[in-house]
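Colleague: I am new to this structure. Please take me closely through one part, the helix packing, and add whatever else helps me find my way.

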Amino acid sequence: MSASESVLTGLPPLVSPHTRVLILGSFPGVASLRAQQYYGHPQNQFWRLLSALWPAYPLPAAHDYAARCDWVLARGLGIWDVYAVCEREGSLDTSIRNARLNDFAALHARLPRLAGLAHNGGESFARARQVRASMGLAADAPVASLRLPSTSPANASWSFARKCEAWGEAFRRWDLL
């Protein structure tokens with residue numbers, strides 16, 4: 001570990017017994033860790049994207065994170081990350097070192113209605129098999145794992161409209177829209 005890297009601990013899962021789709025990032029960025037909020041960087045398109053997918057349900061204001069959490073849970077979503085702890089300088093996934101997976105076995109026991117794992121970006125999806133295995137999910141289990149385009153500001157190669165289209169297609173598959 002370099003002098004500028006440190007051991008970081010992620011955020012607790014945001015789930016309920018009604019969670020049908022678990023959105024999995026890789027690990028919270030610096031702004032999210034500082035705020036102790038998922039997708040806390042103002043340039044991250046996560047909240048804007050969800051708001052675009054459910055225009056009939058107004059997204060609570062950014063300053064009311066608790067209401068946003070309730071809003072997400074009411075839509076059947078949960079949020080967590082694949083890594084519990086890691087070493088990293090900055091916020092880029094490419095800087096993650098010595099990462100340890102979250103306890104997905106324990107979480108899975110709390111999610112009786114789970115139908116899907118939505119991986120928010122490539123680093124998260126690269127761990128899809130490990131996540132599934134730790135949950136005890138066989139390859140043919142009815143819980144689908146999908147790679148979605150990252151909502152991170154670092155993913156500038158996808159337009160917002162294209163991201164909405166991909167996320168919307170996945171959510172329709174799980175009957176969330």
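Modeller: Here is a walk through one helix and its two partners, followed by a sheet and a loop residue.

This is a predicted model, in which local features need pLDDT of at least 70 and side-chain atom pairs count only at pLDDT 80 or more, while totals for chains, interfaces and linings use all residues. Residues are numbered from 1 along each chain as its sequence is written, and side-chain values use heavy atoms, with hydrogens and water left out.

Start with H2. Helices (H or I, at least four residues) and strands (E, at least two) are DSSP runs, numbered from the N terminus. Two packed helices are described by the angle between their axes and the distance between the axes. Axes are lines fitted to C-alpha atoms, for helices over the stretch in contact, and angles run from 0 to 180 degrees between N-to-C directions.

Take H3 as the first partner. Helix H2 (residues 46-53) packs against helix H3 (residues 65-74) at about 45 degrees, and their axes are 12 Å apart. That angle makes H2 oblique to H3. Angles under 35 degrees count as roughly parallel, over 145 as roughly antiparallel, 65 to 115 as roughly perpendicular and the rest as oblique. The crossing of H2 past H3 is left-handed. Left-handed means the near helix is turned anticlockwise from the far one by less than a right angle; right-handed means clockwise. From H2, Trp47, Leu50 and Ser51 meet Tyr65, Arg68, Trp71 and Val72 of H3. Contact means heavy atoms within 4.5 Å. By class, this contact of H2 with H3 has 5 nonpolar, 1 polar and 1 charged residues. Ala, Val, Leu, Ile, Met, Phe, Trp, Tyr, Cys and Pro count as nonpolar, Asp, Glu, Lys and Arg as charged, and the others, Gly among them, as polar.

Now H7. The axes of H2 and helix H7 (residues 160-173) come within 10 Å and cross at roughly 60 degrees. H2 and H7 are therefore oblique to each other. Here H2 passes H7 in a right-handed crossing. Phe46, Arg48, Leu49, Leu50, Ala52 and Leu53 in H2 meet H7 residues Phe160, Lys163, Cys164, Trp167, Gly168 and Phe171. The residues of this contact divide into 9 nonpolar, 1 polar and 2 charged.

Next, the loop. Ser150 lies between strand E7 (144-148) and H7. At 19% relative accessibility, Ser150 counts as buried (under 20% relative accessible area; exposed is over 50%, partly exposed in between, with a 1.4 Å probe and protein chains only). Among the residues that Ser150 touches is Lys163, also part of the H7 contact with H2.

Last, the sheet. 3 strands form an open, antiparallel sheet in the order E1-E4-E5. Two strands pair if DSSP finds at least two bridges between them.

Notes: Lists of a residue's contacts leave out its neighbours within four places in sequence.
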